[in-house]
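Please open the model in your viewer and keep the sequence panel beside it, since each stop on this tour begins with something to select.

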Amino acid sequence: MDSQKVKINNNPIVLQNLVIMRDKNTCSHKLRIAARKITGCLMYEAAKNLPLAPVEVETPMQTFTTKTIDPDINIIISPILRAGLIFTDEAADILPQACIRHIGMYRDEEKLKPVWYYNKVALEAENPEKYFVYITDPMLATGNSLIEAIKLYEQKGIPVKNISVVCIIAAPEGIENIQKHYPDIQIIAAALDKGLNEKGYILPGMGDAGDRMFNT
Ligand code: URA
C-alpha cells in the first residue's frame, strides 16, 4: 500500500464518533449524527488538495489581499448510492460551491462486483483539469465500486490526482485494489480495519452501513 496517498484521520473527534458508529447497539438516528461529525473532519482533510487564488477582502478596518479556494475550479461531491448519501449534507455545507453528482451501484453479492443502476453524469468538461471530485462511500471494502466511479470521472478527462475517495472505514484489500489501478488517487478515511470476510464485509467494520444508517 502506498501510504503517502492514504490519509487515516485519527482526530479524537473522529475516533469518538467512530466508536458510536461501530457499536451494534447504536440506533440509526445517532449513527447518522456521528457520521456527519466524521464527514466534517474528513472533508477538511480532503479539501487540502484544492488550489487557492488571491482575493481582496474589505474588513471593517481595512482592505487587504488574502487567499481563498480558487473560484475558477469546479468541485464535485459524488455520493455512491445509497450509503454514500450520508456524507452529502455535511460535505455540501462545507463546500457550498460544489455540485452533487449522485451515482448508483449495487453489489452483486455472489461475484462481489458492482452493478450500475444510476449514472446521469453527463459532464462535458471544457477544462477537465479544473475539476476536483470527492467520491463518497462510507465503506471501502473490495474497492470495486470506487474503481468504477473513478473510471467514470477519469473518462471525462479529469486528472486522477484531482479525484479523491472519501470513506469512513477502509479495508487494506480495497485500498490495494484501487491503488493497483490508480496509484495517484487520494484516499481519506477515518479508519483502516483488519480486512474482509468471505462475503466482502469489513472486519471489525460496522456491518451493513446502508442498512444501519437508513434503518432498513
Ligand atoms: N459494505 C458495507 O456496508 N459494509 C461492509 O462491511 C462492506 C461493504
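By class, the lining of the largest pocket divides into 15 nonpolar, eight polar and six charged residues, and you should keep in mind throughout that the model is predicted.

Begin with the pocket itself, whose volume is about 600 Å³. Select Ala83, Arg107, Asp137, Met139 and Asp208, which are the closest to the centre of the largest pocket among the 29 residues that line it. Then colour the elements that each give two or more residues to this lining: the strands are E4 (74–81), E6 (103–108), E7 (113–119) and E9 (139–140), and the helices are H4 (144–154) and H6 (209–214).

Next, show the ligand, which sits in the largest pocket. Which residues are around the ligand? Select Arg107, Met139, Ala141, Gly200, Tyr201, Ile202, Gly207, Asp208 and Ala209, and you have the residues around it. By class, this shell consists of five nonpolar, two polar and two charged residues.

With the ligand still in view, turn to the backbone atoms that face it. At isoleucine 202, a polar backbone atom is 2.8 Å from an oxygen atom of the ligand. At glycine 207, a backbone N or O atom lies 2.8 Å from a ligand nitrogen atom, while at alanine 209 a backbone N or O atom lies 2.8 Å from a ligand oxygen atom. Taken alone, the ligand exposes 240 Å², of which the protein buries 87%.

Now leave the ligand and look at the backbone geometry, remembering that most peptide bonds are trans and most residues other than glycine have a negative phi.

Select leucine 81 and arginine 82, which are joined by a cis peptide bond with omega of about 0°. Arginine 82 is found in the loop between E4 and helix H3 (88–94), and E4 is one of the strands that you coloured for the pocket lining.

Move on to leucine 203 and proline 204, where the peptide bond from the leucine to the proline is also cis, with omega near -5°. Proline 204 is found in the loop between strand E15 (202–203) and H6, and H6 is one of the helices that contribute to the lining of the largest pocket.

Where, finally, does asparagine 215 lie? Select asparagine 215 in the segment after H6, and check its phi, which is near 55°, a positive value in a residue other than glycine.

How values were computed:
Residues numbered from 1 in each chain as written. Predicted model: local features only at pLDDT ≥ 70, side-chain atom pairs only at ≥ 80, totals over all residues. Heavy atoms only, no water. 1 Å grid on protein atoms, 1.4 Å probe; cavity = no way out; pocket = protein on both sides within 12 Å on 5 of 7 lines; lining within 4 Å. Points joined across faces, edges and corners; volume = space filled by probe spheres on them. Helix = DSSP H or I, 4+ residues; strand = E, 2+ residues; numbered from the N terminus. Nonpolar A, V, L, I, M, F, W, Y, C, P; charged D, E, K, R; others polar. Near = heavy atom within 4 Å. Polar contact = N/O pair within 3.5 Å; in protein donor to acceptor, adjacent residues only side chain to side chain. Areas by Shrake-Rupley, 256 points an atom, 1.4 Å probe, with all protein chains shown as cover. Sits in = over half its atoms within 2 Å of the grid points.
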